[in-house]
Amino acid sequence: MDKFILRKAEPKDVSDILRLIKELAKFEEMEEQVVLTEKELLEDGFGDHPFYHCVVAEVPKDKQSLEGYTVVGFAMYYFTYDPWIGKLLYLEDFYVMKEFRGYGMGSEILKMLSETAVKTRCSGMHFIVAEWNTTSIEFYKRRGASDLSHEEGWRLYEIDKCNLLKMSSK
Amino acid sequence: MDFTIRAATLEDCKDISRMILELAEHEKVSDQIKITQRDLEQDGFSKNPFFHGIIAEVPEHFKSRDGHTKVGYSLYFYTYSSWKGRAVYMEDLYVMPEFRGKGIGKALMAKVSQLGLAAGCTQLNFTVLDWNKSSLDFYRKQGCWDVTADLGYHCMRCEGDALEHLAQGDL
């Protein structure tokens, strides 16, 4: 499998992007948490002020997946800001379908994202990984990633919509 | 105590820069600051800002011991959850020590929540240092939960040489 291309996602890709998001969520045992729709992905990623950017990995038709898909990997990212060091690239999702692993697609996607980060003068790339996901942690540590939760004690917190509404009306 | 919460403007960058340094000193990492007041002006107040700011201001007669009327701030930006869509990330929340306990922090956070909800966000995310007990208690009172503790998600970073090597395809 030497033939695959990486390209910027287009509006026509939202169906494949959602499929891959759900596959990744299933692997994380969080599939029921995905409430995002194709319509939202379209509005939020391809309007005047996109909330995210996406790259997809595509194989030729003769190399399609068992179920007939040619878009077989993706990465979703956006830019964030650290008031100490400036712009950062935040990697939200990163996934290659199981049957297409081991051909360097993941490495190529990560390379493309790092090039984007360097070109846009980001100081770093951030992302989160589940602590039980040792394969991914090893993959990232081999590439020089450090675990901020472990090394510096950062904990990620969330407030959901219900509590946001309570807080905003105080 | 009388205070107002409003959107930050270019002119506020001097005070935001001052308070960023104060917050970094509180977190014991002020030597890590590379961003200048000028960077903040460019990155936050150009055509495509990388962040948004809100300021807490008190009237002249309540100014701080050093003569400041801008006594708190929050920096936030919009992010995206591949599970739930639009989200807002609160990067910094800070109130000068002499103005704490008067509801300013809560008001700043309420404003970020309002703005987030108005933009169609369904969650507010932020990170807290595990030793920062007073902040942890404050946030838990607002209904937040610890994603790192409950789901085991760790914040990872790739920067500097590691980022450059990654970009060049070195392993």
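**Exercise 1. A lysine in chain B**

Which side chain does the side chain of B:Lys70 join through a polar contact of 2.8 Å? Then place B:Lys70 in its strand and decide whether B:Lys70 is buried or exposed.

*Solution.* Keep in mind that you are looking at a predicted model.

Step 1: Look for the partner. The side chain of B:Lys70 makes its polar contact of 2.8 Å with the side chain of B:Asp12.

Step 2: Find the strand. B:Lys70 belongs to strand E3 of chain B, which covers residues 70-81.

Step 3: Judge the burial. The relative accessibility of B:Lys70 is 14%, and the cut-off for buried is under 20%. Therefore B:Lys70 counts as buried.

Step 4: Look at the surroundings. Setting aside neighbours within four places in sequence, B:Lys70 is in contact with several residues, including B:Glu11, B:Asp15, B:Met19, B:Ile55 and B:Met96.

**Exercise 2. Where the chains meet**

Describe the interface of chain A and chain B, and find the residues that form its salt bridge.

*Solution.* Let's go from the overall picture to the single pair.

Step 1: Count the residues. On the chain A side, 68 residues are in contact with 70 residues of chain B.

Step 2: Take the area. About 7000 Å² is buried between the two chains, and carbon and sulfur atoms give 61% of this.

Step 3: Search for salt bridges. The count between chain A and chain B is one. Its members are A:Asp44 and B:Arg86, whose closest N and O atoms are 2.7 Å apart.

Step 4: Add the polar contacts. Eleven residue pairs are in polar contact across the interface. Sorted by class, the side of chain A that touches chain B holds 35 nonpolar, 19 charged and 14 polar residues.

**Exercise 3. A sheet with strands from two chains**

Trace the order of the seven strands in the open sheet, then examine two of its pairings.

*Solution.* Walk across the sheet one strand at a time.

Step 1: Write the order. The strands follow E1(A)-E2(A)-E3(A)-E4(A)-E5(A)-E7(B)-E6(A), and the pairing is mixed.

Step 2: Check the edges. Strands E1 (5-8) and E6 (146-147) of chain A each have a single partner strand, so one side of each has no neighbour in the sheet.

Step 3: Inspect a pairing within chain A. E4 (residues 86-96) and E5(A) run parallel and are joined by two bridges. Here A:Leu89 stands opposite A:Met125.

Step 4: Cross to chain B. Strand E5 (residues 124-130) of chain A runs antiparallel to strand E7 (residues 153-159) of chain B, with seven bridges between them. In this pairing, A:His126 is opposite B:Arg157.

Key. Residues numbered from 1 in each chain as written. Chains lettered and ligands numbered in written order. Predicted model: local features only at pLDDT ≥ 70, side-chain atom pairs only at ≥ 80, totals over all residues. Heavy atoms only, no water. Contact = heavy atoms within 4.5 Å. Buried area = accessible area lost by both parts, 1.4 Å probe. Salt bridge = Lys/Arg side-chain N within 4 Å of Asp/Glu carboxyl O. Polar contact = N/O pair within 3.5 Å; in protein donor to acceptor, adjacent residues only side chain to side chain. Nonpolar A, V, L, I, M, F, W, Y, C, P; charged D, E, K, R; others polar. Pairing = 2+ DSSP bridges. Helix = DSSP H or I, 4+ residues; strand = E, 2+ residues; numbered from the N terminus. Buried < 20%, exposed > 50% of the residue type's maximum accessible area, 1.4 Å probe, protein only.
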